[in-house]
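Got the viewer ready? Let's take a walk through this model, one selection after another.

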Amino acid sequence: MARILVIDDHDTLREGMAVTLTRSGHTVTAARSGADGVAAYKKTPFDLVVTDLKMDGMDGIAVTRNLKAHDPAAVVMVVTAFGTIETAVQAMQQGAYDFITKPFTPDVLRVKVDKGLELSSTRRQVERLSARTEALESDVARTHGGLLVGDSEPLQRLVTQVRKAAATDATVLVRGESGTGKELVARMLHQCSPRKDGPFIVVHCAALAETLLESELFGHERGAFTGAIKRKLGRFELADGGTLFLDEIGEIPASVQTKLLRVLQEKELQRVGGEETLKVDVRVVSATHRDLQAEVRAGRFREDLYYRLHIVPLQLPPLRERPEDITTLARHFVTRHGPRVNKRIKGLDDSALRALGRYAWPGNVRELENVIEQSLVFAEGETLGAQDLPTHLHGPGTRVETGLPIPSGDRPLPDILEDLERQLIARAYEKAGGVKTETARLLGIKTSALYYKLEKYGFISKGERPEDS
């Protein structure tokens with residue numbers, strides 16, 4: 001449950017609130033003064049602060065002001081006596097989210113606290129999502145003022161289209177093969193738009209079951225279904241004022257398509273199990289590797305939803321259509337992953353660049369990044385050479401011609417990526433002498449994830465425990 005800080009210089013009231021909230025399952029810390037409470041919060045942040053308004057020394061208004069200056073996401077509720085509502089309003093002007101008037105019953109306190117914790121959870125979730133976005137944007141080199149790396153004519157043409165689309169609020173459908181960078185385009189659309197200071201929220205539609213996807217998008221009320229122990233805000237609400245990116249939109253079931261269409265048309269929604277109609281201001285960007293027109297003809301995707309999503313279409317070129325970007329991307333990935341994986345490596349030599357340029361890259365940019373990171377793990381010198389690349393990229397007879405057919409859009413990520421992963425794990429396992437914790441360290445993954453992959457590729461038998469060496 002939640003961590004709550006109760007600040008009150010009246011012993012009986014302070015202890016009473018602490019007991020009530022502890023019985024509700026929360027972890028409660030009690031402070032005798034405003035100064036003690038602020039010091040406790042600065043040492044370890046809390047999900048919610050309940051503070052008395054009138055206290056000797058630092059009062060509730062000063063507590064609120066101090067906490068909000070230290071942590072803008074702090075959620076503070078003030079306790080005030082009847083007749084001092086005007087002072088409570090002053091506290092709210094300093095950043096308190098609500099107030100409760102004495103005397104109050106334990107049930108009233110619990111209801112107020114639950115609402116405060118819901119707000120706290122929402123703020124923290126938006127903070128985490130925003131931090132994730134900022135981390136990715138600072139980690140990826142910027143080209144053309146965006147997030148896409150390369151100087152080829154097809155990429156420059158796409159960047160121009162993205163900039164024009166970003167200036168509008170129209171829905172955008174990003175199409176392209178797996179691994180081409182559809183999410184990066186969505187992030188660039190957001191970054192270049194008037195909504196750039198709002199949240200950027202991502203939903204991977206293909207990764208969620210129908211019931212979970214509906215709840216994830218639109219939220220749910222407490223008791224809406226088994227396991228719904230509290231209200232949850234959906235991604236549309238979290239993205240209010242910003243951009244919502246729906247990845248693999250072609251995978252959503254018919255029932256969710258109908259509800260999504262209503263939100264796009266009316267700019268309003270209802271949570272699962274709820275009756276209240278909520279207005280949302282969200283710019284929607286979706287992406288797919290599927291041919292949605294074919295899905296419409298087959299009756300698997302609503303035609304009206306397709307046209308609502310397809311107002312501005314953007315097509316990502318596969319890497320084989322912009323081979324001049326391979327060198328730029330390869331150097332970018334060495335710069336990006338080298339400091340973490342292999343600090344000795346300073347770049348790529350000509351033999352490596354020639355080998356990379358001969359390959360058709362059916363897995364596109366994602367496959368190229370995978371290859372560079374794998375090669376960094378085992379390279380011994382100061383530059384990556386052809387000898388450091390996976391075997392299918394160098395040597396006689398290994399050239400892959402660009403005329404070979406590319407896997408169809410309704411297939412999963414090309415099998416070549418799975419082969420690369422298998423090779424990478426095998427080489428790390430051998431280098432670590434069969435010690436699994438060391439193998440996991442070399443690969444930069446958790447030991448539990450390593451065991452799953454070792455079982456998947458047949459390196460160990462199923463059921464072998466992580467304690468085994």
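## First stop: Thr51

Start by selecting Thr51, which you will find in strand E3. This is a predicted model, so please read every value below as computed from it. Is Thr51 buried or exposed? Its relative accessibility is 0%, so Thr51 counts as buried. Now show what surrounds it: apart from neighbours within four places in sequence, Thr51 is in contact with Ile7, Gly60, Val63, Val76, Met77, Val78 and Val79.

## The sheet around E3

Widen the selection to the sheet. Here five strands make an open sheet in the order E2-E1-E3-E4-E5, and their pairing is parallel. Which strands stand at the edges? They are strand E2 (27-31) and strand E5 (98-102), each of which pairs on one side only. Turn the view to look along the sheet: from one strand to the next, the twist averages 20°.

Next, pick out strand E1 (residues 3-7) and strand E3 (residues 48-52), which run parallel and are joined by four bridges. To see where they face each other, select Ile4, which stands opposite Leu48 in E3.

Add the helices now. Helix H2 (residues 34-43) packs on this sheet and touches E1, E2 and E3; the direction of H2 makes about 160° with that of E1. Helix H3 (residues 60-70) lies across E1, E3 and strand E4 (76-81), and H3 runs at about 155° to E3.

## Aromatic rings and a charge

Switch on side chains for the next stop. How many aromatic pairs are there? The count comes to five. One of them to select is Tyr41 with Phe46: the ring centres are 6.2 Å apart and the planes meet at 35°, so this pair is tilted. Tyr41 and Phe46 are both buried.

Move on to Phe218 and Phe236, an aromatic pair that is stacked, with 5.9 Å from centre to centre and 10° between the planes. This pair links distant parts of the chain, since Phe218 belongs to helix H8 (residues 210-218) and Phe236 to helix H9 (residues 235-238), 18 residues apart. Colour the two by accessibility: Phe218 has 3% relative accessibility and therefore counts as buried, while Phe236, at 1%, counts as buried too.

Before leaving the rings, go back to Phe46 and add Arg3. The charged end of Arg3 sits over the ring of Phe46, 4.3 Å from the ring centre.

## The other five-stranded sheet

Now select the strands E7, E8, E11, E6 and E12. They form an open sheet in the order E7-E8-E11-E6-E12, with parallel pairing. Strand E7 (200-204) and strand E12 (312-315) each have a single partner strand, so one side of each is left without a neighbour in the sheet. Ignoring direction, neighbouring strands here are turned by 20° against each other on average.

Stay with E7 for a moment. Although E7 stands at an edge of the sheet, four of its five residues are buried, so E7 is largely enclosed by the rest of the structure. E7 and E8 pair in the parallel sense over five bridges, and Val202 stands opposite Phe245 in E8.

Now cross to E12. Strand E6 (residues 172-175) and E12 pair in the parallel sense over four bridges, and Val174 has Leu314 in E12 as its bridge partner. To finish this stop, show helix H7 (residues 182-191), which lies across E6, E7, strand E8 (243-247), strand E11 (283-288) and E12. H7 runs at about 155° to E7.

## A stop at the surface

Select Thr437, a residue of helix H17 (residues 436-443). Buried or exposed this time? With 54% relative accessibility, Thr437 counts as exposed. Add Tyr451 and compare positions: Thr437 and Tyr451 are 14 residues apart along the chain, and their C-alpha atoms are separated by 9.9 Å.

## Zoom out

Finally, clear the selection and look at the whole protein chain, which has 18 helices and 14 strands. Of its 469 residues, 49% are buried. The accessible surface comes to about 22,700 Å², and 50% of that belongs to carbon and sulfur atoms. Among contacts with a separation of 6 or more, 69% are between residues 24 or more positions apart.

Technical notes: Residues numbered from 1 in each chain as written. Predicted model: local features only at pLDDT ≥ 70, side-chain atom pairs only at ≥ 80, totals over all residues. Heavy atoms only, no water. Phe/Tyr/Trp six-rings, centres within 6.5 Å; stacked < 30°, edge-to-face > 60°. Buried < 20%, exposed > 50% of the residue type's maximum accessible area, 1.4 Å probe, protein only. Helix = DSSP H or I, 4+ residues; strand = E, 2+ residues; numbered from the N terminus. Lys NZ or Arg CZ within 6 Å of the ring centre and 35° of its normal. Pairing = 2+ DSSP bridges. Axes fitted to C-alpha atoms, helices over the stretch in contact; angles between N-to-C directions. Contact = heavy atoms within 4.5 Å. Areas by Shrake-Rupley, 256 points an atom, 1.4 Å probe, with all protein chains shown as cover.
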